[in-house]
Every structure is written in structure tokens, then in C-alpha cells.
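Here is a short report for someone opening this model for the opening look. Take a moment with the sequence and the 3D view before reading on.

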Amino acid sequence: MKIHTAFIALSSCFLLSSCGLFHDRHSGGHGRGSINVRGGGNGSAALIVLGIGVAIGTIISNIPDKRTYIGSKRYYAQGVFYRDTPQGYEVISAPKGVWVNDIPVQHRQSRFQNKDYFESRGVWYRFDADAQRYQVISNPYTQNSG
């Protein structure tokens, strides 16, 4: 138990100290695949990026090369949805009804009313076998039946 606690403490220190890596990285040109967090409070935004995912409203200057254009200046990459803005790419909530080719590898599958659903990071998807694509949907367990 002490080793587990020490590992968590050490990991937290690493995450907090690595926030400094993102300080003053306000523009592109830092190499492919770099995460350039824009706006005030880069340290805490970097912590969100490194630790638990990217928070909605975060603006970054680069998104992954492997991405899908989903319309209206919006993109999808690796389970995250973005909107292109003059300041950079803003992380947005998953737009309901949008179709994507893949979902994050880390997802859970559930069956409800004889249908399969997939959930990852709070986003729900249904798979269409004919289209061979996934559609973003509302949580099937909380939808009103009327």
C-alpha cells in the first residue's frame, strides 16, 4: 500500500512539474505533435491535458494529423471534438448526431433494449453496421421514452 501511495504522489509531482513545459508556448511551430496550450493559466490547462484529458473550452494550436472533418469548422480526433477558431482549436462537447469512423480504444460497450451502445469519456455512440460508422447520441439510459 505504501508503494502505491508513493507512486501516486510521485506521479502527481511529475504532472505538476511538467506543467512548466507548456509555459509560454502560445503559438505554433514547436514541432509536429506538440501540445501548445493557449490562453491564460497554461500550467493548469497543461495539467488537464497530461492528467485526465482535455477540458471543454481549452484552446490548443495543433490537433492530431489523423482527424476527421465533421462540418462547420469542427473536427474529431481520438475521441475529442474540436472547433477551429481564430485563437486556435477549441475543445467542444460532442455534437449529437455527428458520424465518426472510429471511437477511442478505451471505451465500454453495453447492451440496452437489444441494442449495443458504446461510451467513452462520457460520450455515447451507436454503431451503424450498414454505414460502418459510429453516431454520437444521447445517453440511452437517460433518454425520455416519450
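A nonpolar core is a set of buried Ala, Val, Leu, Ile, Met, Phe, Trp, Tyr and Cys residues joined through side-chain atoms within 4.5 Å. The model shown is predicted. The largest nonpolar core in it has 13 residues. Y76, F81, V100 and Y125 have the most contacts inside this core. Strand 9 and strand 10 are the elements that give two or more residues to it. Another core, of eight residues, lies apart from the largest one. I63, Y75, V80 and V91 are among its members.

Y76 deserves a further look. Neighbours within four places in sequence are left aside here. Y76 is then in contact with R67, T68, I70, F81, V100, D102, I103, P104 and Y125. Three of the core residues named above, F81, V100 and Y125, appear in that list.

**Confidence**

How far can the coordinates be read? The average pLDDT of the protein is 73. At least 70 is the score of 62% of the residues. Residues 1-52 stay under 50. For that stretch the model has 53 contacts beyond four places in sequence. Where pLDDT is low, the predicted coordinates should not be read in detail.

**Overall layout**

The protein has two helices and ten strands. Along the sequence the pattern reads α-α-β-β-β-β-β-β-β-β-β-β. The helices thus precede the strands in that pattern. Of the 146 residues, 35% are buried. The exposed surface is about 9500 Å², and carbon and sulfur atoms supply 54% of it. Take the contacts with a separation of 6 or more: 43% of them join residues 24 or more positions apart.

**Two sheets**

One open sheet has five strands in the order 1-5-4-3-2, with antiparallel pairing. Strand 1 (59-60) and strand 2 (68-71) each have a single partner strand, so one side of each is left without a neighbour in the sheet. Inside this sheet, strand 4 (residues 80-85) and strand 5 (residues 88-92) run antiparallel and are joined by five bridges. D84 stands opposite Y89 in strand 5.

The other open sheet also has five strands, in the order 6-10-9-8-7, and its pairing is antiparallel. Its edge strands are strand 6 (99-100) and strand 7 (108-112), each pairing on one side only. Strand 9 (residues 123-128) runs antiparallel to strand 10 (residues 133-137), and five bridges join them. Y125 stands opposite V136 in strand 10. Y125 is also one of the residues with the most contacts inside the largest core.

**Strand 7, strand 8 and R111**

Strand 7 and strand 8 run antiparallel, joined by five bridges. Their hairpin has two residues between the strands. Q113 takes a positive phi near 50° in this hairpin.

R111 is found in strand 7. Is R111 buried or exposed? Its relative accessibility is 52%, and the cut-off for exposed is over 50%, so R111 counts as exposed. R111 stands opposite D116 in strand 8. Residues up to four places away in sequence aside, R111 touches D116 and Y141. The C-alpha atoms of R111 and P140 are separated by 9.8 Å, with the two residues 29 apart along the chain.

**E119 in strand 8**

E119 sits in strand 8 (residues 115-120). Why does E119 count as buried? The relative accessible area of E119 is 15%, and buried means under 20%, so E119 falls in that class. Setting aside residues up to four places away in sequence, E119 touches H107, R108 and W124.

The side chains of R111 and E119 make these links:

| Side chain | Partner | Distance |
|---|---|---|
| R111 | side chain of D116 | 2.8 Å |
| R111 | backbone oxygen of N114 | 3.1 Å |
| E119 | backbone nitrogen of G122 | 2.6 Å |

R111 thus pairs an exposed position with a polar contact to the side chain of D116. E119 is buried, and its side chain reaches the backbone nitrogen of G122.

Conventions: Residues numbered from 1 in each chain as written. Predicted model: local features only at pLDDT ≥ 70, side-chain atom pairs only at ≥ 80, totals over all residues. Heavy atoms only, no water. Pairing = 2+ DSSP bridges. Helix = DSSP H or I, 4+ residues; strand = E, 2+ residues; numbered from the N terminus. Buried < 20%, exposed > 50% of the residue type's maximum accessible area, 1.4 Å probe, protein only. Polar contact = N/O pair within 3.5 Å; in protein donor to acceptor, adjacent residues only side chain to side chain. Contact = heavy atoms within 4.5 Å. pLDDT = per-residue confidence, 0-100. Areas by Shrake-Rupley, 256 points an atom, 1.4 Å probe, with all protein chains shown as cover.
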